[in-house]
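Reader: Could we go through this complex together? I'd like to begin with confidence and then move on to the contact between the chains.

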Amino acid sequence: MPNLEVSKKDLERLVGCSYSKEKLEDDLEYIKGEVDALEGDSLRIDCKETNRPDLWSVEGIAREIKARKGIEKGLVNYKVKKSNVDVFIHQNLLKVRPLIVCAIVKNVKVSEELLVQLIQLQEKVGESYGRRRKELGIGLYDLDIMKPPIYYKGFKDEEIEFIPLEWKVPLRPSEILAQHDKGKTYAHLLKGASVYPIVIDANKTVASMPPIINSQITGKVTEKTKNLFIEVTGFKWETVCTALEVMCMSLADRGGEIYSCNLHFPSDSKPYPKKLISTPMFKTEKMVFDKSLIKEMTGLVLKDKEIIDLLSRARFNSKISSNKIIVEYSSYRTDIMHPVDIIEDLLISYGFNNIQPEEIEMSVVGSELKEAKVIDFVREGCVGVGLQEVMTFNLTSREIQSTKMNLVEEELVELENPVSINYAVLRRRLTPQLLDFFSKNKDKEFPQKIFELGTCLEIKEGVENGVSQTTNLCIALTHSNVNFTEIKSVLVSLCKYLGVECVVKKKSFPFLSDNSAEIIVNGKKGFMGEVKKEVIDYFNLRKPVCVLEFEI
Amino acid sequence: MSNLGVKVKELSEIERRVLLNIDSKFVGFEDVVHSSGVEIDSVRRACAWLDQKGFAVISESEEEVFSLTSLGEIALKKGLPENVLLKTLKELGGKASFSLLENKSGLSKQEFMAALGINKRKAFVVINSGNVEDTGVSEGNLDFSLESALKNIFEGKKVEDAFSLELLKRGLVEKKKSVLRLVKISPLGSDAKKILSTQDVERVFDVEGEVPNIFLGKRAPYVQFLQQIRGKLVSLGFKEMPTSLITTEFFNFDVLYQPQNHPARTLTDTYQLKYPKSGQLPDKKIVDSIKSAHENGGVSGGRGWGYEWSKEVASKLMPSAHGTAHTAKQLVKGVDSPQKYFAIARCFRPDVLDATHLIEFNQLEGFIIGDDLNFKHLLGMLKEFATSIAGAEKVKFFPDYYPFTEPSVQLSAKHPEMGWVEFAGAGMFRPEMLRNLGIKQNVIAWGMGIDRLAMFKLGINDIRYLFSDDLKYLREAKGVLI
């Protein structure tokens with residue numbers, strides 16, 4: 001979820017109104033945004049729209065709010081003038097990072113505010129929409145230092161070197177990936193590539209190595225920059241075009257003039273769109289669907305005129321003929337995959353809180369799972385015996401589950417990416433968790449008598465996903481004089497209450513003393529007995545413990 | 001009846017037994033335990049009451065007692081270093097190099113050198129060209145008196161001064177101040193004792209007095225809360241779905257139309273399993289329709305995400321990250337219509353455990369399927385939840401985003417005491433998901449993190465108390481009623 005930092009005054013200026021906190025919160029609903037923090041002029045916004053990069057700048061937010069409020073309705077309309085800048089794309093990047101799209105924005109008044117927004121937008125779009133620059137990387141340059149035509153071409157390590165941003169001496173691509181901060185962060189994106197992608201101008205001055213880093217010479221945009229060259233690299237045509245248009249729109253909203261670049265691709269077969277194409281295109285797409293779908297989805301009865309107005313507030317142009325509705329939308333709205341996406345936008349224009357909620361009339365009978373019922377039945381029995389229920393985590397450590405229990409190497413369900421070694425496996429049995437519980441309560445009044453009803457996982461062949469999940473009951477008692485008789489009495493009276501048969505057979509377990517037994521309750525196996533002195537010591541306990549555990 | 005007679009009648013069984021076992025000479029509480037057979041805690045309490053009632057006199061004085069240091073505790077478990085060293089040497093065949101012996105004995109360098117010195121002094125070992133050799137002198141001459149002194153101190157028994165001083169010198173024990181309490185009978189107590197030993201005195205209770213605590217058998221408060229939530233959902237006509245801790249990415253993400261390159265599917269946002277690594281996918285027909293949902297929208301009329309979907313990624317196992325994984329499974333297994341479904345699901349996310357974050361938590365999750373369900377019904381259902389589950393006064397809806405619902409909505413509810421709270425996320429399942437599973441009806445779905453409500457109902461500020469490992473809290477927690 002993108003978190004955006006904007007100046008409140010800047011937003012007010014772009015929308016053309018002044019905001020109280022409440023009014024701001026109301027309007028941010030249009031971008032699925034929430035005020036994260038507001039201190040003086042500094043406003044942080046959480047934008048939940050993860051598929052709409054056009055909203056991730058103050059200009060984008062203002063653009064959306066203005067439409068929803070009816071200040072500027074319908075499709076965005078940006079003029080693109082022709083430039084004579086050619087960009088030649090080399091075939092040798094086909095397998096590395098084949099696509100590049102470019103644009104020029106002239107006469108930009110680069111203020112500090114704009115610079116901050118521009119870099120934030122570039123960062124958010126590259127990181128979030130571009131999946132950490134994997135799917136797209138954006139470069140911004142001072143056009144006046146570059147000499148067109150521009151080339152996008154792959155170079156071998158020994159063929160090229162340049163000074164990367166924030167560096168003093170020229171480096172080879174491999175050195176940048178090994179030494180420069182940005183290089184190290186994104187090195188994996190060029191791992192195994194036969195050549196390094198380079199943007200270079202007619203003077204053979206390197207502009208950048210996408211999607212890693214710009215050069216110190218042309219790739220530095222400052223408050224002195226007037227004319228900008230923008231490029232986006234990646235793999236998918238719609239993705240790179242969207243990012244390029246999003247960048248251009250923000251600059252144009254601040255008075256910049258957009259110029260196109262002529263892209264010369266090696267061929268017109270995939271992934272290339274055409275041999276020669278100019279970007280940015282600001283194309284539109286059309287979607288046609290039955291008008292009845294609107295009522296079916298929303299429950300609202302709307303006149304054609306209302307539908308068209310609500311859609312225009314979402315920056316769509318639409319027409320209704322007979323029962324069909326034809327919606328035209330900007331191609332940068334790659335989040336629109338189905339008519340329901342358009343209908344949601346219509347609802348947002350309408351305002352969720354202007355809709356009268358309707359009760360559902362459905363005569364169905366509710367029920368809980370049978371297992372949940374059984375578990376609660378057992379729980380009632382345990383409470384009746386005078387035990388305190390506890391609830392421990394499923395996540396625990398191998399040390400608690402196995403080592404301290406005197407159990408050697410055993411298979412446990414284990415996490416690939418634990419946050420802490422204390423929570424790296426999922427428990428196979430409850431007993432160790434209750435012993436661990438006792439170790440944290442040595443200072444509390446005795447006797448301590450507890451139970452847990454909880455899920456346990458065991459690796460098993462022939463079951464779904466190779467993991468069998470059971471619900472176990474574990475009872476643990478500790479006080480100075482606790483012994484086998486006491487725990488067995490608990491089991492016997494509990495089984496009587498539950499109305500199940502219970503067989504107790506002498507058997508030894510690595511964590512129980514000689515006074516231990518296998519128990520078969522209602523046909524399911526478990527164990528019961530006095531915990532071994534060693535195990536008591538491992539858990540750092542002072543008093544004897546008796547325990548039983550079985551699957552229910 | 002005389003005043004004394006009344007007082008004697010009011011004595012409890014324990015007080016009587018203690019009173020009968022003390023006389024005019026001061027004795028320790030332990031001595032009373034021995035003579036009366038009453039447990040130490042009860043003796044302590046009874047003496048205090050007898051003192052209060054004027055039947056006994058307690059004298060308090062400070063004394064110095066010995067207790068084990070951490071070194072002492074190790075020595076108690078493993079034996080004194082000199083004996084450990086000797087034992088190790090014998091195990092190594094009576095002869096070993098310095099480094100081998102030090103290594104095998106598990107002693108620190110310092111302990112090892114001290115232990116060696118002691119054994120040398122006793123002529124138990126000699127050092128011969130870098131080797132330590134057993135002289136055999138120790139056979140039958142081993143002295144365990146110091147070890148037993150250590151054990152006695154641990155158990156609180158008396159130990160000869162010579163031993164305790166030696167242990168103190170070696171840093172195995174330390175001196176601590178402790179309060180020594182002695183008890184003797186008072187003249188009034190002697191009279192009472194006389195009555196008790198000559199007559200059969202029936203007990204009269206002080207009905208207005210204090211009584212000891214009883215620990216009730218109780219449910220964990222959080223469990224009690226969850227059970228009541230379950231009851232509420234059943235009463236609203238919902239049918240419970242089964243859940244599992246482990247699932248495949250297929251159910252957690254793919255069925256829910258969440259693309260395989262989605263940031264939520266990375267190691268920083270969700271847990272994955274190291275072992276076992278991958279699980280099974282359902283029938284080929286279902287897998288193929290989910291594949292086409294992602295690649296080109298399938299039969300939904302949408303255009304899909306437009307990428308090549310991988311079966312391998314979908315087969316990866318993970319602990320369920322959200323309750324919707326179980327909804328996905330239910331939808332694949334087949335659903336009745338009209339019907340209402342719910343689940344209380346344990347979910348896992350890679351967070352660091354602190355006062356506001358749990359590493360595992362419960363989500364309440366569900367959906368309603370039926371003919372002619374629309375967005376107004378979704379809002380109606382959310383409003384009903386807010387009132388019947390959270391007791392909210394007002395509700396407000398916000399546009400939201402989930403990969404699997406469109407439209408998506410967030411419900412905020414105004415609780416009379418909690419104020420405005422984000423209460424649930426909801427929406428209508430995307431056609432890409434439903435149509436490709438062969439479901440023709442609209443489905444409205446919702447999910448809520450119920451832990452915040454649980455914290456409020458349980459009256460706690462630290463979320464860790466939901467899974468409390470503090471027995472005192474659990475024992476004293478009030479019952480929950482939502």
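Reader: What is the mean pLDDT of chain B?
Author: This is a predicted model, and chain B has a mean pLDDT of 90, with 100% of its residues at 70 or more.

Reader: And what ipTM does the predictor give the complex?
Author: The predictor gives the complex an ipTM of 0.91, together with a pTM of 0.81.

Reader: OK, on to the interface: how many residues does the contact take from chain B and from chain A?
Author: Chain B contributes 104 residues to the contact, and chain A contributes 86 residues. In terms of area, the two chains bury about 8300 Å² between them, of which 57% is on carbon and sulfur atoms.

Reader: Which residues in chain B lose the most area to chain A?
Author: Those are Y275(B), K376(B) and P399(B), which together account for 9% of what the chain B side buries.

Reader: What about charges, how many salt bridges are there between chain B and chain A?
Author: The count is ten salt bridges between the two chains, and one salt bridge joins the side chains of K440(A) and D469(B), with an N to O distance of 3.4 Å. For polar contacts, the count between chain B and chain A is 44 residue pairs, with both residues at pLDDT 80 or more.

Reader: Changing topic, how many disulfides does a search of the whole structure find?
Author: Over all chains the search finds zero disulfides. C241(A), for instance, is in no disulfide, and the nearest cysteine sulfur, which belongs to C248(A), is 11 Å away.

Reader: Why is C495(A) not bonded to C502(A)?
Author: The closest cysteine sulfur to that of C495(A) is the one in C502(A), and because they are 4.1 Å apart, they are too far for a bond; the cut-off for a disulfide is within 2.5 Å.

Reader: Are those two cysteines, C241(A) and C495(A), buried or exposed?
Author: C241(A) is buried, with a relative accessible area of 9%, and C495(A) is buried as well, at 4%.

Reader: Last thing, which domains does the assignment give for chain A?
Author: The assignment for chain A gives domain 1 (3–51), domain 2 (80–279), domain 3 (286–328 + 337–351) and domain 4 (370–551). The C-alpha centres of domain 2 of chain A and domain 3 of chain A lie 37 Å apart.

Reader: And for chain B, which domains are there?
Author: Chain B is assigned domain 1 (3–62 + 179–198), domain 2 (70–171) and domain 3 (222–476), and the C-alpha centres of domain 1 of chain B and domain 2 of chain B are 46 Å apart.

Notes. Residues numbered from 1 in each chain as written. Chains lettered and ligands numbered in written order. Heavy atoms only, no water. Domains from an automatic or database assignment. Buried < 20%, exposed > 50% of the residue type's maximum accessible area, 1.4 Å probe, protein only. pLDDT = per-residue confidence, 0-100. Contact = heavy atoms within 4.5 Å. Buried area = accessible area lost by both parts, 1.4 Å probe. Salt bridge = Lys/Arg side-chain N within 4 Å of Asp/Glu carboxyl O. Polar contact = N/O pair within 3.5 Å; in protein donor to acceptor, adjacent residues only side chain to side chain.
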